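Here is a short report to read beside the sequence and the 3D view. It moves from one residue to the sheets, the cores and the ligand site.

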Amino acid sequence: MRPQGCLSFGRSPRCSLGQDRNGYCRFTRALAPAKIHCNATFSHLFHSLFTVNVADLREILQYVPKFRGKTFVVAIDGLVVESENFSNILLDLAVLRSLNIKVAIVHGASHQIARLAAERGVPISNADGTGIVDAPTLQISIDAAIRLTNEIMEGLSAVDLRAAYANAIIAHPAGILGGVDYEFSGRVERVDFKALNLLLEEGIVPVIPPMGFDGEGRTFRVNSDWVAVEVAEALRASKLIYLAPPTIAETAQELPRQLSISEIEEFLKKRGASHPAGTISKLECAARACRQGVPRVHLLDGSINEALLAEVFSNEGIGTMVYSNEYQQIRRIFKKDVRGVLSLIRQSVKSEELVRRSRTEILEHIEDYWVLEIDKNPTACVALHAYPEARAGELACLYVSKNHENQGYGRKLMKFVENLAKEKGMTHLFALSTQASHYLQQKGGFREAKAEVLPAARREKYEASGRNSKILIKALA
Ligand SMILES: CC(C)(COP(=O)(O)OP(=O)(O)OC[C@H]1O[C@@H](n2cnc3c(N)ncnc32)[C@H](O)[C@@H]1OP(=O)(O)O)[C@@H](O)C(=O)NCCC(=O)NCCS
């Protein structure tokens, strides 16, 4: 039996964890216990727990205590609510809730507004809440948006989640811009976070439509991307996650998977004009949310099954993430890290890619070792051993965990070691490799050499090892 809620068979090209060899989604399998109150069975639970790859499970579970009690704001585009994948999104939200993550939903409605207007034969002045909203447009917007809120609440109850419509957006009119009155187009003035927090504390998912109200009881149409930013800020959310239609998410795919605020601002300045308004709006909102204190904003394709879980519970994720602080770093290792490094390289030692090192050996040269951390998890490592008498350095213990291969981390670490060696006044680097000599040559600029190039002490050790590794060398300019 395939786990329920897992519809994509075969490895999804955009899913960093994908399926195992039996075709089961590794996320659903690892998180199946969380779905127990939705629809999973006990046999499914036990099956999942005992067959999931331990490394994946570890990667997933490390996030669970980190997010427990935290708030995620999920902004769902109206088109995504109507997509086939929406039922899977509801299951993913149920998983988040069962892990004690508080979830608030903001939704868009421009697609539904445009359709209802067409059905009624009423011309509208603007669908997405960014332009002029005249009285007939407001009426259609209210009808379409509230109907959609209701549909979302129906879906949430179908997965046993309690939900409530929250009119938590206090808005004021956008006013007169460029000499034109924007009428019922609104801007968020503040968010009634007390009301939202009351719901969240009671385990109720607030569903927030793209409408705001002023003190006189008037309704304004507000853009849902903006609403999501303000709600995330007001709730001090750990994450704001935009579930966008494929057309928008795809255009964001050409961006790096992770961007800092300054990188996204640079992108918007230089290349923003060539992208659709929907993408730009979300990227601008992402940068704004980060500037306003939301640590991570994710832009995901809402049509991909389990995109939400894949993004939240893996180091790399599958969408575009904007972050407000450094989340990736290369740092020295400390005594407390040695066990982690040994377990990181264990498999590679077993398959003779890396030489066996004992805890004592690492401790003796601890200042030579570096790890690359993603979200504070050691993901790759490298060492630089110095041979000052030969003004040479050995690049050693280069390893990138399987889940993070082919993303440039190996190259990043080689470059890092190269710069470090230069700073230390070394004139060349060498490396010994049984299975990555092509990699070192093709991606690192090393060339093959004879044992004579090794410093005397290292040559002796090399000959005694019997590993018959290839010797590679690189001159440092
Ligand atoms: C070798 C290793 C460090 C590469 O790390 P990585 O982060 O996946 O590599 P990058 O992302 O920088 O580069 C990926 C590219 O290198 C290629 N590549 C990866 N391993 C390779 C190997 N062993 N031989 C030849 N090419 C290799 C990939 O095919 C990819 O090529 P492309 O860019 O043309 O598509 C990693 O696979 C690893 O840890 N291997 C086991 C340990 C090992 O052998 N270490 C070297 C000891 S000196």
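Is Arg346 buried or exposed? Arg346 has 12 other C-beta atoms within 10 Å. A residue counts as exposed at 12 or fewer, so Arg346 is exposed. Bear in mind that this is a predicted model.

Arg346 sits in helix α15, which spans residues 338–350. Its C-alpha atom lies 8.6 Å from that of Arg356, ten residues apart along the chain.

**Overall make-up**

The protein has 477 residues, and 45% of them count as buried. Its secondary structure comes to 19 helices and 21 strands. Take the contacts between residues at least 6 apart in sequence: 71% of these join residues at least 24 apart.

**The eight-strand sheet**

One open sheet has eight strands, in the order β3-β8-β2-β1-β11-β13-β14-β12. Its pairing is mixed. β3 (163–165) and β12 (258–260) stand at the edges. Each has a single partner strand, so one side of each is left without a neighbour in the sheet. From one strand to the next, the twist averages 20 degrees.

Strand β2 (residues 102–107) is mostly covered, with six of its six residues buried. Lys102, Ala104 and Val106 point one way from β2, while Val103, Ile105 and His107 point the other way. β2 pairs with β1 and also with β8. Strands of a sheet pair through backbone hydrogen bonds, either parallel or antiparallel. The table lists pairings from this sheet, together with one from the seven-strand sheet described further on.

| Strand pair | Bridges | Direction | Bridge partners |
|---|---|---|---|
| β1 (residues 71–76) and β2 | six | parallel | Val73 and Ala104 |
| β2 and β8 (residues 205–208) | two | parallel | Val106 and Ile208 |
| β11 (residues 239–244) and β13 (residues 296–301) | six | parallel | Leu240 and Val297 |
| β17 (residues 377–387) and β18 | seven | antiparallel | Ala380 and Val400 |

Helix α8 (residues 135–158) lies across β2, β3 and β8. It runs at about 170 degrees to β3.

**The cores**

Which residues touch the most other members of the largest nonpolar core? They are Val73, Ala228, Val231 and Leu240, in a core of 95 residues. Two of these names appear in the table: Val73 stands opposite Ala104, and Leu240 has Val297 as its bridge partner. Val231 touches Val73, Ala104, Val106, Val191 and Ile208, leaving aside residues up to four places away in sequence. A second, separate core has 38 residues, including Leu354, Val371, Ala383 and Leu440.

**The seven-strand sheet**

A further open sheet has seven strands, ordered β15-β16-β17-β18-β19-β21-β20. The pairing here is mixed too. Its edge strands are β15 (328–332) and β20 (447–449), each pairing on one side only. The twist averages 30 degrees from one strand to the next.

Helix α15, the home of Arg346, lies across β16 (369–374), β17 and β18. It runs at about 90 degrees to β17.

**The ligand site**

Which residues come nearest to the ligand? Of the 20 residues around it, they are Glu353, Glu405, Gly410, Arg411 and Ala436. Four elements give two or more residues to the shell: β18 (392–400), α17 (409–423), β19 (428–433) and α18 (437–442). The shell divides into eight nonpolar, eight polar and four charged residues.

**Two loop residues to check**

Most residues other than glycine have a negative phi. Glu352 has a positive phi, near 65 degrees. Its place is in the loop between α15 and α16 (359–364). Glu352 is exposed, because 12 other C-beta atoms lie within 10 Å.

Asn406 also has a positive phi, near 60 degrees. Its place is in the loop between β18 and α17. How many other C-beta atoms lie within 10 Å of Asn406? There are 7, so Asn406 is exposed.

Conventions
Residues are numbered from 1 along each chain as its sequence is written. This is a predicted model: local features need pLDDT of at least 70, side-chain atom pairs count only at pLDDT 80 or more; totals for chains, interfaces and linings use all residues. A residue is buried if 20 or more other C-beta atoms lie within 10 Å of its own, exposed if 12 or fewer, and partly exposed in between; C-beta atoms are placed from the backbone. A nonpolar core is a set of buried Ala, Val, Leu, Ile, Met, Phe, Trp, Tyr and Cys residues joined through C-beta atoms within 7 Å. Two residues are in contact if their C-beta atoms, placed from the backbone, lie within 7 Å. A residue is near a molecule or strand if its C-beta atom, placed from the backbone, lies within 6 Å of it. Ala, Val, Leu, Ile, Met, Phe, Trp, Tyr, Cys and Pro count as nonpolar, Asp, Glu, Lys and Arg as charged, and the others, Gly among them, as polar. Two strands pair if DSSP finds at least two bridges between them. Axes are lines fitted to C-alpha atoms, for helices over the stretch in contact, and angles run from 0 to 180 degrees between N-to-C directions.
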